[in-house]
There are 2 protein chains.
Amino acid sequence: MSRRVRHEGPPVRERDLQARLARRLPAGRSGLLPIGDDAAALRPGPSEVAVLTTDSLVEGIHFLRASDPRLVGAAAAAVSLSDVAAKGARPAGIVLALLLPVGTPRRWAESVVLGAERMGARFGAHVIGGDTKPGPARAVASTVIGFGRADALGPRTQARPGDLLVTTGDVGRGGLAARRLGPARRGDARALADLLRIRPRVREGAVLGPLVHAMMDTSDGLAESVRLLSAASGVRIVVEEERLPYAPGLRRAARSPSERRSLAFYGGDYELLAALPPDRWARAHRAVVRAGGRLTRIGRVERGVGAWLRSGAREEAMPPPGWDPFRGPSAPAGARGRVAV
Amino acid sequence: MSRRVRHEGPPVRERDLQARLARRLPAGRSGLLPIGDDAAALRPGPSEVAVLTTDSLVEGIHFLRASDPRLVGAAAAAVSLSDVAAKGARPAGIVLALLLPVGTPRRWAESVVLGAERMGARFGAHVIGGDTKPGPARAVASTVIGFGRADALGPRTQARPGDLLVTTGDVGRGGLAARRLGPARRGDARALADLLRIRPRVREGAVLGPLVHAMMDTSDGLAESVRLLSAASGVRIVVEEERLPYAPGLRRAARSPSERRSLAFYGGDYELLAALPPDRWARAHRAVVRAGGRLTRIGRVERGVGAWLRSGAREEAMPPPGWDPFRGPSAPAGARGRVAV
């Protein structure tokens with residue numbers, strides 16, 4: 001028996017993993033179908049529509065072999081929960097597709113699933129199914145299903161001139177975490193962990209859905225999100241820099257105004273960005289605060305095209321962001337990591 | 001410019017791929033949300049439940065670099081469509097999570113998605129969303145959502161003593177395709193292609209759902225499926241060998257009765273296996289034939305435990321199957337490939 005096996009326990013086997021999880025996941029006891037059936041089944045509420053999204057985390061890119069697998073599972077669930085939240089829906093279930101190199105410890109796979117379960121359960125979404133396949137590296141694709149209202153989905157094509165631009169939470173957490181990590185600490189699982197601690201704004205999304213015209217999460221960074229929203233809706237969007245609710249420590253950490261912008265605009269933040277009519281602002285703000293969150297006006301939607309940044313009296317085109325994981329970052333080096341998640 | 005790039009076209013970029021697909025996928029024009037929004041949304045019918053399943057195909061295991069990407073996409077969709085069919089549900093949408101090594105030709109990724117779209121569209125399920133991430137090898141995780149009736153899901157725990165055991169289609173296609181492939185032709189994409197040609201029994205599943213107690217697909221091979229059904233339901237299941245509807249050419253191809261069994265029992269077939277009360281047999285048979293399919297009684301469910309095979313007057317325990325992709329096959333070498341899909 002190799003030393004690794006002694007330390008990490010037996011390697012994963014498909015049936016075995018399934019049987020163990022069936023006993024530990026609440027969905028296995030209460031669902032319409034048992035865990036391990038061909039598919040999972042969930043009952044929507046009356047006149048609810050199903051909302052579906054998928055996202056993947058890959059070893060060596062989003063997490064490391066040494067990363068805490070519970071945190072990996074929680075992050076995998078969170079990135080998809082954030083997308084469901086952005087459509088104003090209530091998350092209802094999680095399915096996980098795991099790629100596991102032969103010999104991966106069973107405990108690792110189990111912990112990933114239980115980490116996802118724990119993150120989802122906070123918002124009413126349990127792990128209801130999944131699949132494991134051998135693969136060249138560990139990877140976790142998480143699909144979250146939620147239920148929502150067809151008229152409260154906030155399609156990103158629906159921002160309208162005259163709308164206010166608002167964001168939940170604060171701006172720059174992702175950028176800050178990536179900067180603390182930095183290129184030198186890429187191989188350091190503890191430093192990377194901050195990027196995996198994602199808090200999806202599910203409660204905020206649920207109350208905002210019926211009030212907004214358009215909503216999306218800022219997992220691509222604020223600059224890219226504004227650019228995408230503007231392009232999808234065919235509108236001009238102006239972010240007012242002095243209104244931005246910077247994350248704690250961001251002003252201190254930034255060595256220059258330009259670095260502050262990098263941290264604020266290019267880190268994936270998993271906040272919700274929304275466009276809503278001004279006469280709904282007060283109601284939206286109250287609802288988000290009641291839900292335990294924070295909502296800030298950060299700009300406005302106008303006739304025209306493009307994403308713009310207003311600082312004092314100056315208005316300039318938002319610097320081109322364009323993180324594309326297949327091309328590498330055009331963003332400053334410090335602000336990469338979270339963007340890729 | 002490298003020769004490879006000239007031949008295969010430009011490498012994949014996330015936004016670019018998304019934009020091109022948004023124009024080519026029907027869901028982008030008719031869905032509740034545009035392709036590329038944070039999530040996709042679908043409307044269930046009145047009192048329908050959502051049925052969800054996920055499965056992955058991995059380069060080097062289920063397909064090769066040289067495999068036709070349309071076929072890879074079609075197979076990825078088909079394996080999940082088969083699971084939704086097994087729950088008597090109508091498939092409604094497909095989301096794909098692609099892992100693509102940096103530099104993968106855009107055309108490859110596009111063809112995978114269009115292959116999945118084409119397979120799904122035959123059954124009313126369009127590609128409604130997805131995600132791309134860089135990865136160490138090409139891989140496709142497909143999640144299919146369907147809508148069905150809570151009382152027609154055929155949980156695999158519900159087979160009852162007295163039920164008949166039935167199967168759609170025939171037995172051994174997967175085994176035959178894997179045998180034609182053989183270990184020597186593992187690297188031959190054309191030989192492997194037969195294993196990717198999967199026809200999910202969606203129409204058969206839809207008519208069987210309301211009539212069966214329990215249903216599942218035979219993607220793990222008939223022997224393993226019967227074993228799983230028997231274990232989940234706590235019943236004894238007897239397969240009557242002389243009733244098995246062998247795939248065309250299987251009898252001729254098998255050099256011995258034992259090889260015939262291997263081909264029939266251990267290849268993944270993507271047929272539906274169901275347990276239903278005898279007084280519904282005639283109705284089920286008529287309904288499947290009307291749906292363009294075939295249904296055969298192949299055994300019976302009894303009090304007791306285990307999966308059994310009856311040949312003539314002899315009854316023996318079904319030989320232990322136990323393909324576990326993480327352990328390697330215990331099945332004969334000729335019958336591996338499809339099992340892994």
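Look down the rotation axis first: among the residues of chain A, A:Pro136 comes closest to that axis, at 3.2 Å (C-alpha). Laying chain A on chain B takes a turn of 180° and a shift of 0.0 Å along the axis, with an RMSD of 0.0 Å (copies are superposed by least squares on the C-alpha atoms of residues with pLDDT of at least 70 in both). That is the relation of a two-fold axis.

A quick word on what you're looking at: this is a predicted model, where local features need pLDDT of at least 70, side-chain atom pairs count only at pLDDT 80 or more, and totals for chains, interfaces and linings use all residues. Residues are numbered from 1 along each chain as its sequence is written, while chains are lettered from A and ligands numbered from 1 in the order in which they are written.

Now for the interface. Here 59 residues of chain A are in contact with 60 residues of chain B, contact being C-beta atoms, placed from the backbone, within 7 Å. S2(A) gives the most to chain A's side, with 9 residues (strands are DSSP runs of E, at least two residues, numbered from the N terminus). That side divides into 35 nonpolar, 9 polar and 15 charged residues, with Ala, Val, Leu, Ile, Met, Phe, Trp, Tyr, Cys and Pro counted as nonpolar, Asp, Glu, Lys and Arg as charged, and the others, Gly among them, as polar.

S2(A) also pairs with strand S1 (residues 40-42) of chain B, in the antiparallel sense over 3 bridges; pairing takes at least two DSSP bridges between the strands. In S1(B), B:Leu42 stands opposite A:Ala50.

Finally, 100% of the interface residues of chain A are also interface residues in chain B, so the copies meet through the same surface.

How values were computed: Contact = placed C-beta atoms within 7 Å. Helix = DSSP H or I, 4+ residues; strand = E, 2+ residues; numbered from the N terminus.
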